[in-house]
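Visitor: I have a model open here and would like to talk it through with you. Could you take me through the parts one at a time?

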Amino acid sequence: MPGHDIIVVGASAGGVEALTQLVAALPENLPAVIFIVVHISRHVKSFLPDILNRKSLLPVAHATESEEIVQGHIYVAPPDYHLLVKRGYVRLVYGPKENGCRPAVDPLFRTAAKAYGRRVVGVVLSGALDDGTVGLMDVKRLGGVAIVQDPDDALFSGMPKSAIKHVDVDHILPLSSIASTLVRLAHESVTEEGATTMSSENEIEIEPDVVELNGAAMREREFGTPASLACPDCGGMLYYQDERGLLKYRCRVGHAWSAGSLVAGQSETQEQALWTAIRSLEGRGELMSQMAAKARDNNRSISAQRFEAKAQEARERADIIRKALFQAQLPTTPASAAATQDSNPNQENELTTFKIVVLVAKAGGLRVLSHILAALPGDFPAALVVVQHLDSQSSANWISDVVNRSTTLPLKLPEAGESIKPGIAYIAPPTEHLLVNPNSTFSFSQAAFVDFDRPSADLLLQSVAATFKERAIAVVLSGTGSDGALGVKAIHKMGGKVIAQDEDSCEFFEMPSAAIQTGAVDFVVPMNAIASTLIRLVMTESEE
C-alpha cells in the first residue's frame, strides 16, 4: 500500500525561513514527493530552489510543464505560474490569480487532493491572510491529512490561524516537529477502502481545474450568487459561495478570493485609483500651465489667466485627494522640516548629536537582520530603527525570538512621543507608519498605504533625513519591490550615508537594486560586511 507520499506545502511571508528549516530536517530517503508554493513577486527571479538546496538532502528544483513526478524530489512553483498536480505529472498554468496571487496555494492543494485523495498531506506554514484555507478543506474532504504550523511559532500567523479556524486540522505543530511527522506519515500505509484516490489508469480523467479552463468552458460554469462587488483584479462582477463556512468569491474570468484576501485586494485597488487620480490631476495642471505660458507668449493674457486658473484648480483637487490618503498627516519632508527648524532655531535637540541607522528589509530580511544586529557591539553609539514588513495579523515582537537570542543590543517597540536614544534598536510596528519628528521623537500615522506598504520605509527615511541630516545612515536589505528608494534619495540629499546589500548575498535583490539605481548609494557590500561598515561609519567618528 502507498503511504502519505504526496506532500503539498503552502507559505507566504516568512515562508522562506520556515521552508529552509523544514527541508533541512527531512531524510534523503523520504518515500514521498513534495510540492511547494510560496508567494513570490512575478517581477523578480526566484532563488528559492537554490536556497533550499543548500540545506536539503532531497533535490529541489522549479517544476516544469508536464514534468513526470519522481519520488524523493521537491518541486517548487516558479513565479507567476500556478503549480497543479495531476496523476503522475505536474502542470504549470498562467491562469487567473487566486487571492491576488499566482502561484496560489489553493490550486496546488485542491488538484493534489483530486488526483491522490488520501495519500495527500497538506501543510500550511507562515504567511499573511488566508490563502491555502479552502485548498486544505479539499485535502481533508478527500481523505488527506492537514498539518498547520503553530501560529505562535510562525513569523506570520495569518495563514495558519485561518486554516485552524475553518479546517478540522489533524496536527498543529511547531516548525521543529513538522518534518518528523511528515516522515512518519510517509511510511504509514494508506487504507484504500472508501478512498477517492485516483491512481488507476482505467479511471476517468480528473475534471480540469478552473485555472486551466478556456473562455468557452468558463462561460458555461455556474458561479454562484451575484455579490454586487467588483473584482480587484479585473473589475468584473464577483459571485459568492459559502465554502463550508468560509465565504469565497470568484469573477467570471476566474479570479478567486476569500473574504480576507478580498478586503486586502480592495484596499490596494482603492489606493491605486486614488494615486491614479492624483497623477491625472497633476498632469492636467502641468498641461494647463504650459498652455498658459504659450498664451502669454502670444500676448493672449485673458486665455493665459483662464489656463492658470484651471491649473490651480487641478492642483488643489490633487492636494485634497492626497490629504485624504494621508488622513491629514502628510509625511515630514526634508524641505519642510528644515524650514521648521530654520524658523525655530531653539528647537535643535541635543539628541541629534548621535547618529541613527535605519535598516529596511522585506522578503529574506530576517536572516540578514539577525546577522547584522548580532554582529554589532552592545556599546554601539547610535540609535537603530528596523523596518521589516509584517502582515497585519502579526506582532512586532517576532524579532525578539529571531534576533534577541544573539544580540546584546536592547530591542524596543517605540512609543508615540518617545525620545530617540543611542544604543537601542527600535522595531517599527506592523500596521502603522513610523515617523521621526524634528525634535527627535517618534510619532505614528495610520495614513493610507504608500505603494501598498505600511510601515513605509520611504516615509521613515524621509523624516529621519529631515531631522538627523548628515548623521543618518540608511541600510537597504533583501526584499521585493522598491520601498526605500525615495527615502535613500532624501538621506543622500541631506548629507547622510546609504548602504545597500549586494546581489550575491541577497535572497531578493529588488529593493537594494531599486536603491542603487537612484545613484544615492555610497556602499554596496555583502551581508557579512554590513555590520563592520556600520561600525566604521559610526564608532570611528564617535571616537574622534
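Visitor: How many bridges join strand 1 to strand 7?
Guide: In this predicted model, strand 1 and strand 7 run parallel and are joined by five bridges. One of the pairings puts G10 together with V124, its bridge partner in strand 7.

Visitor: And which way do strand 7 and strand 8 run?
Guide: Strand 7 (residues 120-124) and strand 8 (residues 145-149) run parallel as well, with four bridges between them. Within that pairing, V121 stands opposite V145 of strand 8.

Visitor: How many residues of strand 7 are buried?
Guide: Five of its five residues are buried, so strand 7 is mostly covered in the sense of relative accessible area under 20%. The cover is found on both faces, with V120, G122 and V124 buried on one side and V121 and V123 buried on the other. That split fits the general pattern: in a regular strand the side chains alternate between the two faces of the sheet.

Visitor: What is the strand order in the sheet they belong to?
Guide: The order is 3-4-2-1-7-8-9, an open sheet of seven strands with parallel pairing. Strand 3 (60-62) and strand 9 (171-173) stand at the edges, and each has a single partner strand, so one side of each is left without a neighbour in the sheet. On average, and with direction ignored, neighbouring strands of this sheet are turned by 20 degrees against each other.

Visitor: Which strands does helix 3 touch?
Guide: Helix 3 (residues 105-116) packs on the sheet and touches strand 1 (6-11), strand 2 (33-38) and strand 7, and its direction makes about 165 degrees with that of strand 1. Helix 5 (residues 158-166) packs on the sheet too, touching strand 1, strand 7, strand 8 and strand 9, with its direction at about 140 degrees to that of strand 8.

Visitor: Which residues of helix 5 are buried, and what covers them?
Guide: The buried residues in helix 5 are G158, M159, P160, S162 and A163. Their cover includes strand 1, helix 3, strand 7, helix 4 (133-141) and strand 8.

Visitor: Switching to the other end of the chain, what order do the strands take in the sheet with strand 16?
Guide: That one is an open sheet of seven strands with parallel pairing, in the order 16-17-15-14-20-21-22. Its edges are strand 16 (411-412) and strand 22 (523-525), each with a single partner strand, so one side of each is left without a neighbour in the sheet.

Visitor: How many bridges does strand 16 make with strand 17?
Guide: Strand 16 pairs with strand 17 (residues 425-427) in the parallel sense over two bridges, and L411 has A425 of strand 17 as its bridge partner.

Visitor: What does helix 11 touch on this sheet?
Guide: Helix 11 (residues 365-375) packs on the sheet against strand 14 (355-361), strand 15 (382-388) and strand 21 (497-501), and its direction makes about 165 degrees with that of strand 15. Helix 14 (residues 485-493), for its part, lies across strand 20 (472-476) and strand 21, running at about 150 degrees to strand 20.

Visitor: At what angle do helix 13 and helix 14 cross?
Guide: The axes of helix 13 (residues 457-468) and helix 14 cross at roughly 10 degrees and come within 7 Å. That makes the two helices roughly parallel, a label used for angles under 35 degrees.

Visitor: Which residues meet there?
Guide: From helix 13, D458, L461, Q462, V464 and A465 meet A485, L486, G487, V488, A490 and I491 of helix 14. By class, this contact has eight nonpolar, two polar and one charged residues.

Visitor: New topic: is G285 buried or exposed?
Guide: G285, which is found in helix 8 (residues 259-297), counts as buried because its relative accessibility is 0%. Leaving aside residues up to four places away in sequence, G285 touches A311, A314 and R315. The C-alpha atoms of G285 and K310 are separated by 7.1 Å, although these residues are 25 apart along the chain.

Visitor: And for the whole protein, how many helices and strands are there?
Guide: The secondary structure comes to 16 helices and 22 strands, and 54% of the 544 residues count as buried. Among contacts between residues at least 6 apart in sequence, 70% join residues at least 24 apart. The protein exposes about 23200 Å², of which carbon and sulfur atoms supply 49%.

Definitions and conventions
Residues numbered from 1 in each chain as written. Predicted model: local features only at pLDDT ≥ 70, side-chain atom pairs only at ≥ 80, totals over all residues. Heavy atoms only, no water. Pairing = 2+ DSSP bridges. Contact = heavy atoms within 4.5 Å. Axes fitted to C-alpha atoms, helices over the stretch in contact; angles between N-to-C directions. Buried < 20%, exposed > 50% of the residue type's maximum accessible area, 1.4 Å probe, protein only. Areas by Shrake-Rupley, 256 points an atom, 1.4 Å probe, with all protein chains shown as cover. Parallel < 35°, antiparallel > 145°, perpendicular 65-115°, else oblique. Nonpolar A, V, L, I, M, F, W, Y, C, P; charged D, E, K, R; others polar.
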